[in-house]
Structures are given as structure tokens and as C-alpha cells.
Amino acid sequence: MALDRWIALIFVTFCCAYGYLAFFTMDQLLPPFMQRNPVWPSTFPKVLAVLGALTGLVVLLGLEKPEAGKGPSATDINLARLHEYKIGQALLLLGLMVLYALSLRTAGFLLATTVFLVAGSAILGERKWHVMLPVAMLATGCVWYLVQQVLSIYLRPLPYFMGT
């Protein structure tokens, strides 16, 4: 079985377990006045579980591929040529994501996100620092403003030692 189908099998298994929790365990703890609502807190997880399982089944059963007799596509993962893929870049990005999540509280949202965006684009090959830095700062500022002011969700903007 191909790698994409193994991943799809794992994904379908996860969606089935998630769906079981959403359909059978989440609604039991609701207070009686919430049980009469048309939309429950478990509605979105139920939709996600069903759509995820259906999507995984499409990949698992091979329904997304037009014809199986034409041979491998250019987008298929070739395990014999795995060394030619940019696995190092992917692992560096995953490590950067973990580092970002760990530094978000101590460094503050503005600094951590700006550094994450600049470092991530540098890992992906961008070398125009005069473009990367302003774009990362503008994007970070816009996201912080929208989350902080529009959605009223507090994000620590600056490092903790600056007293915010």
C-alpha cells in the first residue's frame, strides 16, 4: 500500500475516534437548558469528524486518482527517491514551529511571530531581507490588532519582563 494510503488510514482512524467522542461522550455533560439548543458545543466536532472521515476514505479507496493504469503521477511520493525530497527543510520548519510555540509566552506575540515569519521564510529560501522584515512586521501587527482589538482576545504583545 502506498504512503498516502497509510496516512489516510491513520487519518480515518483518528477521525472515527474523534467522531465517537463527539457523538457519544461530549453531549452527556451538557446542562439541561443547553440540550434544547439547535447548535451544541459538539456540533462543529461532529461535522469535522464526518468530513474528515469522508475525505480520508476518498484517499484510502483511491477515488481521487483519475486512472490507475497510467502509472505513477509526478505528485506521487516515490519512496525509492526519498533522499531527493527536502526533508531537512521540513524538519527545520517543524522545529521552528515548536520553538515558536514555546517562546510565544516569554517573548511576546509581536517578537515571537515576527522572528518566526522571518526565520521560516529564510528556511524556505527567501533572501530579500529588506522585503521579509517589513512584511513579517506588518503581518504580525495586523494579526495582533485583529485578535486583540476586534476579537477581544488578549495576546501578550511584548516580552514578560517589559511589564505588559
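## Helix α3 and its buried side

In α3, the buried residues are L93, L96, Y100 and A107. They pack against α4, which covers residues 109–123. Keep in mind that this is a predicted model, and that goes for everything below.

The helix itself, α3 (87–107), is 21 residues long and spans 28 Å from its first C-alpha to its last. That is close to the 30 Å expected at 1.5 Å a residue. It isn't perfectly straight, though: α3 has a kink of about 30°, centred on A101. Right after the helix comes G108, with a positive phi near 90°.

## A look at Y100

Y100 sits in helix α3 and is one of the buried residues there. Which residues does Y100 touch, once those up to four places away in sequence are set aside? The list is F109, A112, T113 and F116. For a backbone view of the same region, take Y100 and L117: they are 17 residues apart along the chain, and their C-alpha atoms are separated by 9.8 Å.

## The overall layout

Zooming out, the protein chain is built from five helices and has zero strands. Reading along the sequence, you get α-α-α-α-α.

The chain has 164 residues, and 22% of them count as buried. Take the contacts with a separation of 6 or more: 53% of them join residues that are 24 or more positions apart. As for the outside, the accessible surface of the chain comes to about 12200 Å², and carbon and sulfur atoms account for 73% of that.

## The nonpolar patch

Part of that surface is a nonpolar patch of about 1100 Å². Its members are Y20, L21, F23, F24, V47, V50, L51, L54, L57, V58, L61 and L63. The elements that give two or more residues to the patch are α1 (3–25) and α2 (43–60). Which element gives the most to the nonpolar patch? That would be α2, with six residues.

L61 belongs to the patch too, but its place is in the loop between α2 and α3. Is L61 buried or exposed? It counts as exposed, because its relative accessibility is 57% and the cut-off for exposed is over 50%.

## Two buried polar side chains

Now for K46, which is found in helix α2. Why does K46 count as buried? Because its relative accessibility is 19%, and buried means under 20%. Leaving out residues up to four places away in sequence, K46 touches A22, F23 and D27. Of these, F23 is also a member of the nonpolar patch.

Then there's Q148, located in helix α5, residues 129–150. Q148 has a relative accessible area of 17%, so this residue is buried as well. Setting aside neighbours within four places in sequence, Q148 is in contact with I153, Y154 and L155.

Methods. Residues numbered from 1 in each chain as written. Predicted model: local features only at pLDDT ≥ 70, side-chain atom pairs only at ≥ 80, totals over all residues. Heavy atoms only, no water. Helix = DSSP H or I, 4+ residues; strand = E, 2+ residues; numbered from the N terminus. Buried < 20%, exposed > 50% of the residue type's maximum accessible area, 1.4 Å probe, protein only. Contact = heavy atoms within 4.5 Å. Areas by Shrake-Rupley, 256 points an atom, 1.4 Å probe, with all protein chains shown as cover. Patch = residues over 30% accessible without salt bridge, like charges linked within 9 Å, V, L, I, M, F, W, Y side chains within 5 Å. Salt bridge = Lys/Arg side-chain N within 4 Å of Asp/Glu carboxyl O. Expected span 1.5 Å × (residues − 1). Bend = angle between axes of the 7 residues up to and from the residue.
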